[in-house]
Amino acid sequence: DKLEGLKTIAVTTNGINLTRLLPRLKEAGLNAINISLDTLVPAKFEFIVRRKGTNLSSKATVLIFAGMCLLYVQVNCVVMRGFNEDEVLDFVDFTKDLPLDVRFIEYMPFDGKYCCFEILLAQK
């Protein structure tokens, strides 16, 4: 049973287990998904998720699968100087024909106790 009054049930994920879990989540009422994807480069993706052997090509499958199965899909990409700022146009090209929204987010220069301004990609 869906909870009365809820219009949106959403989840945020890096997508690693999404293809396996998505059918059950959708059955439970999930109708929106937010996928965190900061890079399209396999080695960088492994570095971010801290898992070796993660197949980045499955990310494309996840995005397409999620777009076909859910009402709303959003991809968040945190843009960081020296890491992925050169991929912004690749993200646009990768997602332009998919039924989803892409949001480029400015890196927050704070890591626990310390500010990390050297990674900040500021507006010019």
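The exercises below work through a predicted model of a protein, each with a solution in steps.

Residues are numbered from 1 along each chain as its sequence is written. In this predicted model, local features need pLDDT of at least 70 and side-chain atom pairs count only at pLDDT 80 or more, while totals for chains, interfaces and linings use all residues, and side-chain values use heavy atoms, with hydrogens and water left out.

**Exercise 1. Overall layout**

State how many helices and strands the protein has, and give their order along the sequence.

Solution. Step 1: helices (H or I, at least four residues) and strands (E, at least two) are taken as DSSP runs, numbered from the N terminus. Step 2: the protein has four helices and six strands. Step 3: their order is β-α-β-α-α-β-α-β-β-β. Step 4: of the 124 residues, 35% are buried, where buried means under 20% relative accessible area, exposed over 50%, and partly exposed in between (1.4 Å probe, protein chains only).

**Exercise 2. One face of helix α2**

Find which residues of helix α2 are buried, and explain why they line one face.

Solution. Step 1: helix α2 covers residues 42-49, and its buried residues are Phe-45, Glu-46 and Val-49. Step 2: viewed down the axis of α2, these buried residues fall within an arc of 100°, so they line one face of the helix; the arc is that of the directions from the helix axis to the C-beta atoms. Step 3: the general rule is that an α-helix has 3.6 residues a turn, so residues three or four places apart point the same way. Step 4: Ala-43 and Phe-47 are exposed on the other side of α2. Step 5: just after α2, Arg-50 has a positive phi of about 60°.

**Exercise 3. Salt bridges**

Identify the partners of Lys-44 and state which residues form one network.

Solution. Step 1: a salt bridge is a side-chain nitrogen of Lys or Arg within 4 Å of a carboxyl oxygen of Asp or Glu, and the whole structure has three. Step 2: Lys-44 pairs with Asp-86 (3.9 Å, N to O). This pair links distant parts of the chain, with Lys-44 in helix α2 and Asp-86 in the loop between β3 and α4 (88-95), 42 residues apart. Step 3: Lys-44 also pairs with Glu-87 (3.1 Å, N to O). Lys-44 lies in helix α2 and Glu-87 in the loop between β3 and α4, so this pair ties together parts 43 residues apart in sequence. Step 4: Asp-86 is exposed at 58% relative accessible area, whereas Glu-87 is buried at 3%. Step 5: Lys-96 and Asp-93 form another salt bridge (2.9 Å, N to O). Step 6: shared partners join Lys-44, Asp-86 and Glu-87 into one network.

**Exercise 4. A polar side chain in strand β3**

Decide whether Asn-76 is buried or exposed, and list its side-chain polar contacts.

Solution. Step 1: Asn-76 is in strand β3 (residues 72-79). Step 2: its relative accessible area is 9%, so Asn-76 is buried. Step 3: a polar contact is a pair of N or O atoms within 3.5 Å; within protein, one must be able to donate a hydrogen and the other to accept it, and residues adjacent in sequence count only if both atoms are side-chain atoms. Step 4: the Asn-76 side chain makes such contacts with the side chains of Gln-74 (2.9 Å) and Arg-103 (3.0 Å).
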